[in-house]
Amino acid sequence: MRSIGTTVSAAVIGVVLSQMTIRLGGHVLPSEGGFRAGMLIGCAAALVAAAVTTALPARPAGRTSGHDVPAEPVTAAKP
């Protein structure tokens, strides 16, 4: 999910910045409005992610995963 998120977000911001440009000295540059729009899109995505996170159910208190069990110490074999 992290790889998909970073790939899609880079593509979306790239499209926004490429569509909102200005000409300056014969060069085409992203405009300030493009950067603002990109930041607002990122802010909206962060708020949606926070809302989804708060909607996730908590793990029941009595239930444990296999990661909570301490590992047995490894001893060297005696010849």
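**Exercise 1. How do helix 1 and helix 2 lie against each other?**
Work out at what angle the axes of helix 1 (residues 2-19) and helix 2 cross, and within what distance they come.

*Solution.* Start with the axes: in this predicted model, those of helix 1 and helix 2 cross at roughly 155° and come within 8 Å. Next, turn the angle into a description: over 145 degrees counts as roughly antiparallel, so helix 1 is roughly antiparallel to helix 2. Finally, add the handedness: helix 1 passes helix 2 in a right-handed crossing.

**Exercise 2. Who meets whom between the helices?**
Find which residues of helix 1 meet which residues of helix 2, and sort them into nonpolar, polar and charged.

*Solution.* Look at helix 1 to begin with: its share of the contact is Val12, Ile13, Val16 and Leu17. Then cross over to helix 2, where their partners are Gly34, Phe35, Ala37, Gly38 and Ile41. Now sort them: 7 are nonpolar, 2 are polar and none is charged. Glycine counts as polar here.

**Exercise 3. What is the overall layout?**
Describe the order of helices and strands along the chain, then its burial and its surface.

*Solution.* Count the elements: there are 2 helices and 2 strands. Reading along the sequence gives the pattern α-β-β-α. For burial, 6% of the 79 residues count as buried. For the surface, about 7,100 Å² is accessible, and carbon and sulfur atoms account for 68% of that.

**Exercise 4. Is Met20 buried, partly exposed or exposed?**
Place Met20 in the chain, classify its exposure and list what it touches.

*Solution.* First, locate Met20: it sits in the loop between helix 1 and strand 1 (21-24). Its relative accessible area is 33%, so Met20 is partly exposed. Leaving aside residues up to four places away in sequence, Met20 touches Leu29, Pro30, Ser31, Gly33, Gly34 and Ala37. Take Gly34 from that list: it lies 14 residues from Met20 along the chain, yet their C-alpha atoms are separated by 5.1 Å.

**Exercise 5. Is Ser31 buried or exposed?**
Do the same for Ser31, using its relative accessible area.

*Solution.* Ser31 belongs to the loop between strand 2 (27-30) and helix 2 (32-55). Its relative accessible area is 12%, which is under the 20% cut-off, so Ser31 is buried. With residues up to four places away in sequence set aside, Ser31 touches Met20, Thr21 and Ile22. As a last step, compare positions with Gln19: it is 12 residues from Ser31 along the chain, and their C-alpha atoms are 9.2 Å apart.

Note on methods
Residues numbered from 1 in each chain as written. Predicted model: local features only at pLDDT ≥ 70, side-chain atom pairs only at ≥ 80, totals over all residues. Heavy atoms only, no water. Helix = DSSP H or I, 4+ residues; strand = E, 2+ residues; numbered from the N terminus. Buried < 20%, exposed > 50% of the residue type's maximum accessible area, 1.4 Å probe, protein only. Contact = heavy atoms within 4.5 Å. Areas by Shrake-Rupley, 256 points an atom, 1.4 Å probe, with all protein chains shown as cover. Axes fitted to C-alpha atoms, helices over the stretch in contact; angles between N-to-C directions. Parallel < 35°, antiparallel > 145°, perpendicular 65-115°, else oblique. Left-handed = near helix turned anticlockwise from the far one by under 90°.
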